[in-house]
Amino acid sequence: TKFVSPSKAMSSKQHYTVEQYATFADRISVSAADGHDNTIGNFIHHAMCLWNGDKGIIDVLAKAYGVKVEVETIALSINNFWSWMEKTYGRAIQIDRELPFSFTKENGQIVSGEIDLVYRTADGDVLLDYKTYQGSPAHLIDENHDFHTGKKYGAQIVLYEDALKRMGRSIRDRLVCYVSLGVIIKMK
């Protein structure tokens, strides 16, 4: 049996159509002292996961990761994100952050990972993944661009959706949130 991460597992449905669903905040300038995009990604994921309204969390994380960011700006962006979620989907009945999963596909492949956010509502779950692409938001919906959200992350979202369905949950929407751009892309 082979264990794989969602980003390496293949699925029969590799592509979603997408639309720029919302702009919830202004672009945030984020840079890492080590110059690595994954450092910025880890910082953003932890900031979104740990956010409780305390700006001090952002400052502590920025120092720990060696990330240069304006604390006030990212705090406003995160607050705007949560306001948008509640305005769009109503108050959550449960919020799962970094939800772990593991399942065996029909071909014997074991897939495990974590879903960044599941926003549970009475009408179903909103599956959400965070990304830190810093380019143009237009690239995210351009099917000819390498960073088209559906082509780049479709297989990952399909696996997350499969994991949730195996948990007995119904999926209301599939979103990719580009926190540093302040943009949410909806996959259809």
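Welcome to this protein, which is built from four helices and nine strands. The model you are looking at is predicted. Reading from the N terminus, the elements follow the order β-β-β-α-α-β-α-β-β-β-α-β-β. The radius of gyration is 16 Å, close to the 16 Å that the globule rule gives for 188 residues, so the protein is as compact as a globular protein of that length.

Here are some values for the protein as a whole.

| Property | Value |
|---|---|
| Box filled by the C-alpha atoms, along the principal axes | roughly 45 × 35 × 30 Å |
| Accessible surface | about 9,200 Å² |
| Share of that surface belonging to carbon and sulfur atoms | 48% |
| Buried residues | 49% of the 188 residues |

**How the chain comes together**

Take the contacts between residues at least 6 apart in sequence: 71% of them join residues at least 24 apart. As for charge, there are 22 positive and 23 negative side chains in the protein. The centres of these two sets lie 4 Å apart.

**The nonpolar cores**

Now let us turn to the inside. The largest nonpolar core has 36 residues, and the members that touch the most others in it are Phe43, Phe81 and Met85. Several elements give two or more residues to this core: the helices α1 (37-50), α2 (55-65) and α3 (71-89), together with the strands β6 (110-121), β7 (124-131) and β8 (171-178). Helix α3 supplies the largest share, with eight residues.

Phe81 is a good residue to click on. Leaving aside residues up to four places away in sequence, Phe81 touches Phe24, Met48, Leu117, Leu128, Tyr130, Cys177 and Ile184. Apart from the largest core lies another core, made of 25 residues, including Val158, Leu159, Ile171 and Met187.

**A closer look at Thr39**

For a last stop, find Thr39 in helix α1. Is Thr39 buried or exposed? Its relative accessibility is 10%, and buried means under 20%, so Thr39 counts as buried. Which residues does Thr39 touch, not counting those up to four places away in sequence? They are Ala32, Asp34, Tyr65 and Val67.

**Putting it together**

To recap, the protein combines four helices with nine strands, and 49% of its 188 residues are buried. The largest nonpolar core draws its largest share from α3, and Phe81 is one of the residues that touch the most other members there. In α1 you can visit Thr39, a residue that counts as buried.

Technical notes:
Residues numbered from 1 in each chain as written. Predicted model: local features only at pLDDT ≥ 70, side-chain atom pairs only at ≥ 80, totals over all residues. Heavy atoms only, no water. Rg over C-alpha atoms; globule rule 2.2 N^0.38 Å. Buried < 20%, exposed > 50% of the residue type's maximum accessible area, 1.4 Å probe, protein only. Contact = heavy atoms within 4.5 Å. Areas by Shrake-Rupley, 256 points an atom, 1.4 Å probe, with all protein chains shown as cover. Lys, Arg positive; Asp, Glu negative; His and termini not counted. Charge placed at Lys NZ, Arg CZ, Asp CG, Glu CD. Core = buried A, V, L, I, M, F, W, Y, C linked by side-chain atoms within 4.5 Å.
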